[in-house]
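Student: Please take me through one part of this model in detail. I want to follow the charged side chains, on the surface and below it.

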Amino acid sequence: MAGNRGRGRSQFTFNVDALGFGRGDSLPSSAQTPSPLFPPMQFRPVPLHTGEEVDYMLALKQELRASSKNLPFHIKAARTKTDVARYSDKYQNGEPKNNCIEWSPDWSRMPKELCIKVRKTRKAAIGARPQLTPKVAAKKEEVLQKLETLEKREEEQHSEEEEDEEKKKKNDEEEEPDADEDYDEEELEDETDYIMSYFDNGEDFGADSDDNMDEAVY
Amino acid sequence: MTVQEVRLCGLLLQQHFGNVVEKVGTHLIRSGVLTLRALAYETKLPLDLVKKSLCVLVQHGMCTFGAGRRGPAGPVEYRINCESIIHMLRYPRYIYTAKSLYGDTGELIVEEILQRGQMTMSSTVRTVADRLTNNMPEGQSMDYSEVVSAFSRLVETHFLQRCPPLASAGSSSSTLDTPLPASTQPTEPESHPDCYKLPYINLTGQGKRRRSSEGGEADQRAAKKARTDNSECGDDGIYWQVNFQRFHLHFRDQAIISAVSCKLDQSSSEIVRTMLRMSEVTTLAHAAFTQALSSNEIFRALQSSYNIARPNLDQYLSLLVDDPMEFVGKTGDSGGGMYVVNLHRALANLARATLESVVQERFGSRSARIFRLLLRKRHLEQKQVEDFAMIPAKEAKDMLYTLLSENLVQLQEIPKTPDYAPSRTFYLYTVNQLPTARLLLQHCYKTVCNLIERRLYETKENKRLLEKSQRIEAILASLQATEAEAAQLTEVEEMITVPERQQLESLRHHINKLDSSENQVDESIFLLESYIKSTQASR
């Protein structure tokens, strides 16, 4: 609609007073930069609640956070070895491996495809071996088994292969998890004369940079 | 899922389960539904790590799986449940509620189940008994039966529920079953008839005290090892999880009671508490109001310690009914008057109070006055706003435009003519409570994300100092265990200099403040979420 163009040049089509500035004033300058990241606040925020309940929940929260780091649900990716393979690798333990899970879920409640080997602790594996030696007999299968156990002793700390897995599973059924864990792991391991910390190759120093650095427990 | 919700889920997953699970989880949230292979391919993580992460998420009930689009013969598809990830923010509140209702035993039971996702009754009882025994003085130990009774009470009041059985066996090969629907919905826990039935378990004994001579390794083993001797107890395969909905109903009731006690007085809040307690079992979760209770029933159910006489009760009830907050309504006259608690309306009013207080604290009390005016009068022109609010024109304009730019107030155009000529159009300001509540909820999520990130930043900045103090504490602890002299102890303590101590102290103070703020923002999140959910349920 052509409508009422107005006589003067500076006549607006809406009621100027309602906007809050007069006719002759200049328009407020347009912003050239994005608004500041931390704009100044007009009013200070209200202080936080205090009290026994609040303190208790705060302590609970921090405790939960700290303890969830130690649970097996906290998954860390296994560190890829960038160097050459070292002799001390055989004696390194406690590093998470990608192909085993640290806790044993109820597999009947999970889809079959998620089934992954449950990590047996080294102690459980050690406990198995002394029980193997009495079983050795002159039979063919026993000889094969002995060969395999010897093979296993050599490859103890490398990523476990399929036959080892089955062997260990069979053996673990026989042993009592609780009884054998009194071994002093450090000295009876693989008949070395050295304490386990001898084989510490210093990789851990400064390497655990990681960003889930959630600090001390208060 | 909104951007802020995804960001919050990512931060919470990282905090509790590490970076790997965070990566898998956020990717799955963004993509919706994925199969295992697709997930591994897209996140570029090794397949085993993805499997482990999914196990963790399924264990904690944050991920559901089912037969996918190709039916039971096709690969299994996984879906994340964002709500349960955001509930992780509220874990301290759940644990504290359990403690206040059922004591230390209840607190530990709920804590164990929350941390482990799902547990069988026997393993929970054993772990909790052991933990309690360790805290008791030497020579005493906690009997399993006490823990079992606390567990039963939690189940009876529906705070714990059985995990629902699987709808399908995942990628099972059984073709004899009746064909499953293309997308199997996960069964609701409540649809299972035995949801709250306790299994009969044969468990007697006492908690075992952890001997200090076994040292740290024994602790780790005991903590990590899932108790494998379930077969003795006969409750194999029956897993229990925390019923978050029940806890939320409890929080909602608490919010209503405290609001009544703030607005009116202590006695009215006790009356409302009695009414809510009487209708706990009869009211459905999404009901708009409780069952009608007659005044006689309420009087009989009132505890004598409150000392409210019969005529006073009637007066209090009529006061509650007349109150503009509309917590209690009268639905009839039989039995001395039939009264209900208006749950949805109470939630709406509580949400409205939250919105108003947010505006007041950020923009001042005069802007809050304008906001309240618009909430009550719905649509007002600019001139009318100035008149009703009794604020001079220039300032009123300024405040209105600030609120408009923050999106708390909306502009509605009503044209007089078909061409929306500005001089011939009404411009009305209005506030819609529901969209504004959603906006504020997103702001709350963003706030929590910022708080968490700030806390992570602060810890990272002072990492070196924190590690040093941890090492020194460890040294001190070992020295004290071997009973060293005081001189050695002071020498070790002096390894941290005074300015470092001050820095540590201020860091501790900041982190406590940030954590406390998270808890407090979570209370607002709960109110707004409940309000929004109640409006959706009533549609």
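**Charges at the surface and inside**

Tutor: Start at the surface of this predicted model. Four residues, Glu52(A), Glu53(A), Asp55(A) and Glu523(B), gather there in a patch of negative charge. Helix α1 of chain A, residues 52-70, gives the most to this patch, with three residues. Take Asp55(A), which has its place in helix α1 of chain A. Its relative accessible area is 49%, so Asp55(A) is partly exposed. The upper limit for that class is 50%.

Now go to the salt bridges. Over all chains, the count comes to 27. One of them joins Lys61(A) and Glu518(B), with the closest N and O atoms 3.0 Å apart. This pair crosses between chains: Lys61(A) sits in helix α1 of chain A, and Glu518(B) sits in helix α21 of chain B, residues 498-537. Buried means under 20% relative accessible area. Lys61(A) has 8%, so it counts as buried. Glu518(B) has 1%, so it counts as buried too.

Next, look at Asp515(B). It forms a salt bridge with Arg65(A), and the closest N and O atoms are 3.0 Å apart. Again the pair crosses between chains, from helix α21 of chain B, which holds Asp515(B), to helix α1 of chain A, which holds Arg65(A). Asp515(B) counts as buried because its relative accessibility is 0%. Arg65(A) counts as buried because its value is 5%.

Asp515(B) has another salt bridge, with Arg455(B). Here the closest N and O atoms are 3.3 Å apart. Asp515(B) lies in helix α21 and Arg455(B) in helix α18, residues 433-461, both of chain B, so the pair ties together parts that are 60 residues apart in sequence. Both Asp515(B) and Arg455(B) are buried. Through shared partners, salt bridges join Lys61(A), Arg65(A), Arg455(B), Asp515(B) and Glu518(B) into one network.

One uncharged side chain rounds off the tour. Gln118(B) lies in a loop of chain B, between α6 (91-116) and β4 (119-120). Its relative accessibility is 12%, so Gln118(B) counts as buried. What does Gln118(B) touch, not counting residues up to four places away in sequence? From chain A, it touches Arg109(A). From chain B, it touches Val58(B), Gln59(B), Ile113(B), Cys163(B), Tyr239(B) and Trp240(B).

Technical notes. Residues are numbered from 1 along each chain as its sequence is written. Chains are lettered from A and ligands numbered from 1 in the order in which they are written. This is a predicted model: local features need pLDDT of at least 70, side-chain atom pairs count only at pLDDT 80 or more; totals for chains, interfaces and linings use all residues. Side-chain values use heavy atoms; hydrogens and water are left out. Patches are made of residues with over 30% relative accessible area and no salt bridge: like charges are joined within 9 Å, nonpolar side chains (Val, Leu, Ile, Met, Phe, Trp, Tyr) within 5 Å. Accessible areas come from the Shrake-Rupley method with a 1.4 Å probe; for residues, only the protein chains shown count as cover. A salt bridge is a side-chain nitrogen of Lys or Arg within 4 Å of a carboxyl oxygen of Asp or Glu. Lys and Arg count as positive and Asp and Glu as negative; His and the chain ends are not counted. The place of a charge is taken as NZ of Lys, CZ of Arg, CG of Asp or CD of Glu. Helices (H or I, at least four residues) and strands (E, at least two) are DSSP runs, numbered from the N terminus. Buried means under 20% relative accessible area, exposed over 50%, partly exposed in between (1.4 Å probe, protein chains only). Contact means heavy atoms within 4.5 Å.
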